[in-house]
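Here is a friendly note to go with your first look at this structure. Please keep the model open beside you and follow the points in order.

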Amino acid sequence: NIPDGIQRIVKTQNYDGTWGWWEGDRGNTYTTGFALYSLFQARNYGYTINDYTFNQGITAIERIFTAPEKMDNDELSYLAYIYSLSGKWNHPVFKRIAFSKELNPYQAANLLKAVSIFKGKGKLQEYESDEIDEGTKIIKKKINESAKRDSSGIYWPAAKGQSWSWPGGNTEITAHVLSALLISGESSAMTSQAVASISRRFRNESWNSTKESGTVILVLCDYL
């Protein structure tokens, strides 16, 4: 029941606008982002979400952005994407990640989604707009150059430590990249190749985990 699910998400939001793994748990960057993503999706499909919940969540992200040194770039890139869903932009965070020598496919996918969704570029300072253009070229280059192939087809590899954390393993990272390509309007053969590759990695009625399966199913729905 979707309305019940929405109410459960709203009810479990912490007083500071974040969400934890369970009600009353300390706020987590990924669960906060995912809860907001779910509410944005629900609202897009016509369900009513109170503004207070959204505003508290966005304020929590903004508070995290004021101390980026406490977070790694995987977390920040994910929140930058979620932040863009509200029509907002944090340029220092984008710049820190896009121009980093350690930029990985997961981060590049999140930033490409953020850049593609954000519609307020014309209201930014000229130098910020120029840096977005330059950063986007770097992001797309990273996605193109980091693609790998195996017996199942094209894929994007997980960086060190991602397989056992929120970003996920190779299949889930590939799904994130495919999502970014679709949102950005990419129409090259790379998108259909990624779909075929992800489909071939289906094993025993699922992908590697419930979370990975959910990520894959969402992007396949977007593709269709």
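1. Let us begin with what surrounds the largest cavity. By class, its lining has four nonpolar residues, one polar residue and no charged ones. The residues concerned are Ala-80, Trp-89, Asn-90, Val-93 and Phe-94. Please bear in mind that you are looking at a predicted model.

2. How much space lies in the largest cavity? The volume comes to about 40 Å³. A search of the whole structure for cavities of 30 Å³ or more finds one.

3. Ala-80 is a handy link to the next stop, since this residue also appears among those of H4 that make the contact with H3. Helix H3 covers residues 51-65 and helix H4 covers residues 73-84; the two pack at an angle of about 140°, and their axes are 11 Å apart. That angle makes H3 oblique to H4, as the label roughly antiparallel is kept for angles over 145 degrees. The crossing of this pair is left-handed.

4. Which residues make the contact between H3 and H4? From H3 come Ile-58, Ile-61, Glu-62, Ile-64 and Phe-65, while H4 offers Leu-76, Leu-79, Ala-80, Ile-82 and Tyr-83. Sorted by class, the contact has nine nonpolar residues, no polar ones and one charged residue.

5. Now turn to helix H6 (105-117) and helix H8 (170-183). Their axes come within 8 Å and cross at roughly 25°. H6 and H8 are therefore roughly parallel to each other, the cut-off for that description being an angle under 35 degrees. Here too the handedness can be given: H6 passes H8 in a left-handed crossing.

6. On the H6 side, the contact with H8 is made by Pro-105, Tyr-106, Ala-109, Leu-112, Lys-113, Ser-116 and Ile-117. On the H8 side you will find Ile-173, His-176, Val-177, Ser-179, Ala-180 and Ile-183. Together these residues divide into nine nonpolar, three polar and one charged.

7. The largest pocket brings several of these helices together. Two or more lining residues are given by each of helix H2 (29-44), H4, H6, H8 and helix H10 (210-223). Which element supplies the largest share of the lining? H10 does, with eight residues.

8. About 600 Å³ of space lies in this largest pocket. There are 25 lining residues, and those closest to the pocket's centre are Tyr-37, Tyr-81, Thr-215, Leu-218 and Asp-222. By class, the lining has 13 nonpolar, eight polar and four charged residues. If you would like a place to start exploring, try centring your view on Tyr-37 and Asp-222, which are among the residues closest to the centre.

Notes: Residues are numbered from 1 along each chain as its sequence is written. This is a predicted model: local features need pLDDT of at least 70, side-chain atom pairs count only at pLDDT 80 or more; totals for chains, interfaces and linings use all residues. Side-chain values use heavy atoms; hydrogens and water are left out. Axes are lines fitted to C-alpha atoms, for helices over the stretch in contact, and angles run from 0 to 180 degrees between N-to-C directions. Helices (H or I, at least four residues) and strands (E, at least two) are DSSP runs, numbered from the N terminus. Angles under 35 degrees count as roughly parallel, over 145 as roughly antiparallel, 65 to 115 as roughly perpendicular and the rest as oblique. A crossing is left-handed if the near helix is turned anticlockwise from the far one by less than a right angle, and right-handed if clockwise. Contact means heavy atoms within 4.5 Å. Ala, Val, Leu, Ile, Met, Phe, Trp, Tyr, Cys and Pro count as nonpolar, Asp, Glu, Lys and Arg as charged, and the others, Gly among them, as polar. On a 1 Å grid over the protein atoms alone, a cavity is a set of points where a 1.4 Å probe fits but cannot get out, and a pocket is an open set with protein on both sides within 12 Å along at least five of seven lines; lining residues have an atom within 4 Å of a point. Grid points are joined across faces, edges and corners, and a volume is the space filled by probe spheres set on the points.
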